[in-house]
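I opened this notebook to record what I looked up in one structure, entry by entry. The model comes first, and my notes follow.

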Amino acid sequence: MSSLSREPSSFRDPSGFMFKKNNEFYRQVNFYYKDDYDRLMNSGLYEELVRNSLLVPHEEVNLLEAPEPDTAYKVIKPKKIPFISYAYEWSFEQLKDAALLTLKIQKLALEYGMSLKDGSSYNVQFHEGKPIFIDTLSFEKYEEGKPWVAYRQFCQHFYAPLVLMSKYDIRMNQLFRIYIDGIPLDLASKMLPWSTRLNFSILSHIHLHAKSQMKYSNKQDVSTGTIFISKQRLTALIDHLESSIRNLKWQQTNTEWGDYYQKTNYSDKGMKHKEQIVSDYIDRVQAKNVWDLGANIGHFSRIASNRGISTISFDIDPAAVNQNYLLVKKNQERNLLPLLLDLTNPSSNIGWANEERKSFVERGPTDLIMALALIHHLVISNNVPIRSVAAFLSKLCRYLIIEFVPLHDSQVQKLLVSRKNIFDDYTQDHFEKQFGEYFDILDSQTVADSVRTIYLMRSKIGL
């Protein structure tokens, strides 16, 4: 018996929707979108975008697959993206690259007589080390003189967040967790330093744009065709946005974990031994996908990804994640995706009916989790009981590689400098007992020249 369910994230578009059938993803194209779909496919634009790895490819399948056949024109099966991520999980450079991809596609679309009707960050995912556009139904026929209907949304989803991250605070992309359709321009305008009004691009696309929105808030939307904009002016607008975004920089400051590997107390011998232990455990479990929690800039993540294993490299530090992504770009790595994650407050379900964007947990489980030099931060810095950590991780993975860092380790002692030691039960015996309730402990090894132990475990839940 086949199972079928609509994807909650694609209910807003009358052009069609995503659905899942027998664990495979499809998209129904409605008759409403027939003319635009045919133009996309027959104009050469689709081939151009796919050939340059800018748009996710698809194949047309039997129309009988359509869950709503009365409105279905086509059913397509897009290439699967292994892990869906969101803008509040991206680093500055990831959001910047996603913005530039969107503008590049818009310029190409105009050359083929089409235009993007959406400027949403949710239309972009990261796959094989690069951003890629995933919304096949986001293209419409270009009408001469019509303003770019996606301009405001693009500014809310890309331009305003990038400017705020660059000029105000790198953490401003977390506002996406509150404002699902991008950061309101009036809010961005109020938060930005007054000096940004001296920057013509920021003045135009944020400050004056925000005032224009307020002026026309009770009138017909200026993007519906009341203003004539020639194709030449529209192209100039896209070029101006592109130039402005390329020039945005984040002056990276020293953060707590941005230079972690320069501060670590491992000797060269200890680091090599740790790498060997992790390598052996990864080979032993034959994982197809890996989540590395607390990955910093991805040193140990790459032990997995360099084996061709799809690896998500999570960290709480925006500087570390940004460095990690820049390494991915520099080395043209295809199997590693760096993402922001606060494990004590992971991404939750948000949007309409709390279903549009999936939580961190719902995007699991994964074959293998690596949690190296992490447990002491959760337990001591955040007062999370060892038992709670074990219970949580057991739901997320089949296998676990975890490092226990004892109380007398120098890094743990640093955590205790500014607080009272109330962690009498933070012992290796207690750790093994608590984790033993949720995992089978398959192996453990003490890292050379250290007091740390690395464990290989298998979840008892049987994921």
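**Entry: Lys21 and its partners**

I began with Lys21, which counts as buried at 17% relative accessibility, where buried means under 20% relative accessible area, exposed means over 50%, and partly exposed lies in between, with a 1.4 Å probe and protein chains only. Before going on I noted that this is a predicted model, in which local features need pLDDT of at least 70 and side-chain atom pairs count only at pLDDT 80 or more, while totals for chains, interfaces and linings use all residues. I also noted that residues are numbered from 1 along each chain as its sequence is written, and that side-chain values use heavy atoms, with hydrogens and water left out.

Which side chain meets that of Lys21 in a salt bridge? I found Glu65, at 2.9 Å from N to O; a salt bridge here is a side-chain nitrogen of Lys or Arg within 4 Å of a carboxyl oxygen of Asp or Glu. This pair links distant parts of the chain, since Lys21 is in strand 2 and Glu65 is in the loop between strand 4 and strand 5, 44 residues apart. Helices (H or I, at least four residues) and strands (E, at least two) are DSSP runs, numbered from the N terminus. Glu65 is partly exposed, with a relative accessible area of 22%.

Lys21 also turned up in the backbone pairing, as the bridge partner of Leu4. Strand 1 and strand 2 (residues 16-21) run antiparallel and are joined by 3 bridges; two strands pair if DSSP finds at least two bridges between them.

**Entry: the sheet**

I then followed the pairing outward and found an open sheet of 5 strands, in the order 1-2-3-5-4, with antiparallel pairing. The edges are strand 1 (4-6) and strand 4 (58-61), each of which pairs on one side only. From one strand to the next, the twist averages 35 degrees. Helix 1 (residues 34-42) packs on this sheet and touches strand 3 (24-30), strand 4 and strand 5 (72-78), and its direction makes about 45 degrees with that of strand 5. For contact I used heavy atoms within 4.5 Å; axes are lines fitted to C-alpha atoms, for helices over the stretch in contact, and angles run from 0 to 180 degrees between N-to-C directions.

**Entry: a salt-bridge network**

I counted salt bridges over the structure and obtained 27. Side chains of opposite charge can pair when their charged atoms come close. One of the pairs is Lys107 with Asp239, at 3.2 Å from N to O. This pair also links distant parts of the chain, with Lys107 in helix 3 (residues 92-111) and Asp239 in helix 7 (residues 231-247), 132 residues apart. Lys107 is partly exposed with a relative accessible area of 24%, and Asp239 counts as partly exposed at 35% relative accessibility.

I next looked at Arg246 and Glu242, whose side chains meet in a salt bridge at 3.4 Å, N to O. How many residues apart are Arg246 and Glu242 in helix 7? They are 4 residues apart, and are therefore separated by about one helical turn. Arg246 counts as partly exposed at 47% relative accessibility, whereas Glu242 is buried with a relative accessible area of 13%. Salt bridges that share partners join Lys107, Asp239, Glu242 and Arg246 into one network.

**Entry: Glu140**

Is Glu140 buried or exposed? Glu140 counts as buried because its relative accessibility is 17%. This residue is found in strand 9 (residues 139-141). Leaving aside neighbours within four places in sequence, I found Glu140 in contact with Asp36, Gly113, Met114, Ser115, Lys117, Lys146 and Val149.

**Entry: cysteines**

My search of the whole structure for disulfides, each a pair of cysteine sulfur atoms within 2.5 Å, found 0. I noted that Cys155 counts as buried at 0% relative accessibility, and that Cys397 is buried with a relative accessible area of 0%.

**Entry: backbone details**

I found a cis peptide bond joining Gly364 and Pro365, with omega about 0 degrees. Pro365 lies in the loop between strand 12 (336-340) and strand 13 (366-371). Asn354 is found in the loop between strand 12 and strand 13, and its phi is near 55 degrees, a positive value in a residue other than glycine. Gln332, which is not a glycine, has a positive phi of about 55 degrees; Gln332 lies in the loop between helix 11 (318-331) and strand 12, and counts as exposed at 68% relative accessibility.
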